[in-house]
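Q: Please take a close look at one part of this structure, and then set that part in its surroundings. The explanation should suit a reader who is new to the structure.

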Amino acid sequence: MVFPRRATVEALEQAGTMEAVQGRSLWDDARARFFRNKAAVASLVVLAAVVIFASFGQLLTPWSNEEIDWNMLGSVAQLGAPSIENRHYFGVDETGRDLYARTVQGTRISLMVGIVGALISVIVGTAWGATAGYIGGRTDQVMMRIVDLMMSIPYMFVLILLLVVFERSILMLFIGIGLISWLDMARIARGQTLSIKNKEFVEAAQAMGVKTSTIIIRHIVPNLLGVVIVYATLLVPSMIIFESFISFLGLGVQEPSTSWGALIAAGADQMRNGTPWMLGFPLAFFVVTLFALFFLGDGLRDALDPKDR
Amino acid sequence: MLSFIIKRLAVAVPTILALIVFSFLLMEAAPGSPFATERGVPPEVLANLEAKYGLDRPLIERMGIYIWNVVTQFDFGPSFKFKDRTVNDLIAQGFPVTLTYGFWSFVVAVVVGGTLGILAAVYHNTWLDYLAVGISVGAQVLPNFVMAPILVVVFTLWLGWLPGGGWRGGQWEYVILPVIALSTSYMASIARITRSSMLETLNAQFIRTARAKGLPMRRVIFRHALKPAMLPVISYLGPAFVGMITGSVLIDVFFSTGGIGQFFVNSALSRDYSVIMGITILIGSLTVLFNLVVDVAYAWIDPKIRY
């Protein structure tokens, strides 16, 4: 047992003469792990389909999201059901507008909200958390106290307050979402930074006299990236839920624009009138996309953060 | 312990004050007068109205008066839209309703979620575990505004078992659907957190010791594993509380239960500033205080925390 096997010895002898094997980076490993996870890959496909639907779905229909089909008005419950002939694939809503076009438009807004929220959280949260964690001491305490303070406030109320004061608009919605989305990320980034900042390569950089800001940007942040990506993907669905909640209350997006929350609210309003498609289609899109996003996030976590399993 | 509580209070009180000042200034920045109507109000009448509500005094003075009234007398002033009622009247009317189904939702989420999580961990990798995981994964995508319409479609429209809205003084059949709609997603989160932390605890050395000395499984779980396993769950209770109190707004609107959420949304739509402010401050203070209680409970249970 002490002696290596003959085959190994031969392999070692040949090793010098063979071409160097392509090294596998950590990212390659992560990719391999990710593609082994069937649920995550399937989710990726579903999400791609949803994105394609949101981007190009409008091309398939002659109806726009605000156009009223006057033939339908007054008899939506009898005539408005989904049908290929009159090209209302998902039926029409209670005022005779094409539900397919409205779903395309709502999907667009909802996805956008999720992505913008995640982006803000990645940029602001990572910067905030990495700075607080790396500098430490009093700065860290003050910065994290601010995060704690903001987290302890029921944000939905403050955001609705903001929306009431400064007129409801998509921009205001994005600002409001931006205000809260980075808080969790800042905590996560700080925690990771604390463990990274004592590593040798950071010490080496400090010894060479590299500026603090450069160390954070060049050495800390790239090493946070795996964890940050995982939490950003998990943040997308919660941002979508957040926006849908506000829109469900009628305080979010404004007519004729719509989002999943607003569509679900409209469908729920009409459910007593025997028009199940109005609730069904938006709900299905919402649930399927959220499922896919959660599974994608789980897959990414398993791939990028293997110690966490 | 006392000094720990005082230290946390020293953070909580400024937080609440900051929230009051912030919402006050925000309302000041709001364009348009709350008395503006489509026909327009004559300037003399407007001046009288403003004098009545104290709007003609300088900003700092008004803020001082407002904070003083809120802090000392818990008085949020009159409503701008419901002329004959104060914000306190509205809160007194709506809050008991919110509290009733909010309390039951919290109990259901913690008890059902916790039980599910513990069962899943104890019977790891059996059908019970898979069922619990399945429920908690599925419920992730069923936030309250998705749950509420689905519940009404199934239990009111199809089966006709339960009323799809109203309150009737809190009779049990009017409480059930709001409670289920509000608690489902938090129940799922609690089940997930309990399961993973219980699994971790059950693999710990001290559990092995307890089992090795021949304790029955039930005693091992309840006496030894439960307390440390519940710590992550306790730290989740703060966010769960915030989520539920926010969700109550939606429940009120969807089920017309008449809680404070309904007043909140109505006043948000009609720009009734004093009501929005009052409710925001009330909810904010409740949340801060609840988080304080959770922190204290955590420190009390976890022997590792020194205060």
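A: Asp298(A) has a relative accessibility of 33% and therefore counts as partly exposed; buried means under 20% relative accessible area, exposed over 50%, and partly exposed in between, with a 1.4 Å probe and protein chains only. The model is predicted: local features need pLDDT of at least 70, side-chain atom pairs count only at pLDDT 80 or more, and totals for chains, interfaces and linings use all residues. Residues are numbered from 1 along each chain as its sequence is written, chains are lettered from A and ligands numbered from 1 in the order in which they are written, and side-chain values use heavy atoms, with hydrogens and water left out.

The partner of Asp298(A) is Arg301(A), with which it forms a salt bridge whose closest N and O atoms are 2.8 Å apart; the term stands for a side-chain nitrogen of Lys or Arg within 4 Å of a carboxyl oxygen of Asp or Glu. Helix 12 of chain A holds both residues, three residues apart, about one turn of the helix. Helices (H or I, at least four residues) and strands (E, at least two) are DSSP runs, numbered from the N terminus. An α-helix has 3.6 residues a turn, so residues three or four places apart point the same way. Arg301(A) is also partly exposed, because its relative accessibility is 24%.

Over all chains, the structure holds five salt bridges. One of them joins Asp140(A) to Arg190(A), with 2.7 Å between the closest N and O atoms. Asp140(A) belongs to helix 6 of chain A and Arg190(A) to helix 8 (residues 170–196) of chain A, so this pair ties together parts that are 50 residues apart in sequence. Asp140(A) counts as buried because its relative accessibility is 9%, while Arg190(A), at 24%, counts as partly exposed. Their side chains are also joined by a polar contact of 2.7 Å, that is, a pair of N or O atoms within 3.5 Å; within protein, one must be able to donate a hydrogen and the other to accept it, and residues adjacent in sequence count only if both atoms are side-chain atoms.

Around Asp140(A), leaving aside neighbours within four places in sequence, the residues in contact are Ala132(A), Gly133(A) and Arg190(A); contact means heavy atoms within 4.5 Å. The C-alpha atoms of Asp140(A) and Trp128(A), which are 12 residues apart along the chain, are separated by 9.6 Å.

Chain B offers a further example, in which Asp295(B) forms a salt bridge with Arg8(B), the closest N and O atoms being 2.7 Å apart. This pair links distant parts of the chain, since Asp295(B) is in helix 11 (residues 273–301) of chain B and Arg8(B) in helix 1 (residues 2–29) of chain B, 287 residues apart. Asp295(B) is partly exposed, with a relative accessible area of 26%, and Arg8(B) is partly exposed, with a value of 26%.

Between the two chains, however, the count of salt bridges is zero. The count of residue pairs in polar contact there, both at pLDDT 80 or more, is likewise zero. Helix 12 (277–304) of chain A is one of the elements that give two or more residues to the side of chain A that touches chain B; the others are helix 6 (137–151), helix 7 (155–165), helix 10 (212–248) and helix 11 (260–269) of chain A. That side divides into 28 nonpolar, three polar and four charged residues; Ala, Val, Leu, Ile, Met, Phe, Trp, Tyr, Cys and Pro count as nonpolar, Asp, Glu, Lys and Arg as charged, and the others, Gly among them, as polar. In total, 35 residues of chain A are in contact with 46 residues of chain B.

Helix 12 of chain A also helps to cover helix 11 of chain A, in which eight of the 10 residues are buried. The cover includes helix 5 and helix 10 of chain A as well, together with helix 6 (144–158) and helix 9 (217–255) of chain B.

As for confidence, chain A averages a pLDDT of 81, and chain B has a mean of 83; pLDDT is the predictor's confidence in each residue, from 0 to 100. Helix 1 (residues 6–15) of chain A has the lowest mean among the elements of chain A, at 57. Where pLDDT is low, the predicted coordinates should not be read in detail. For the complex, the predictor gives an ipTM of 0.79 and a pTM of 0.81.
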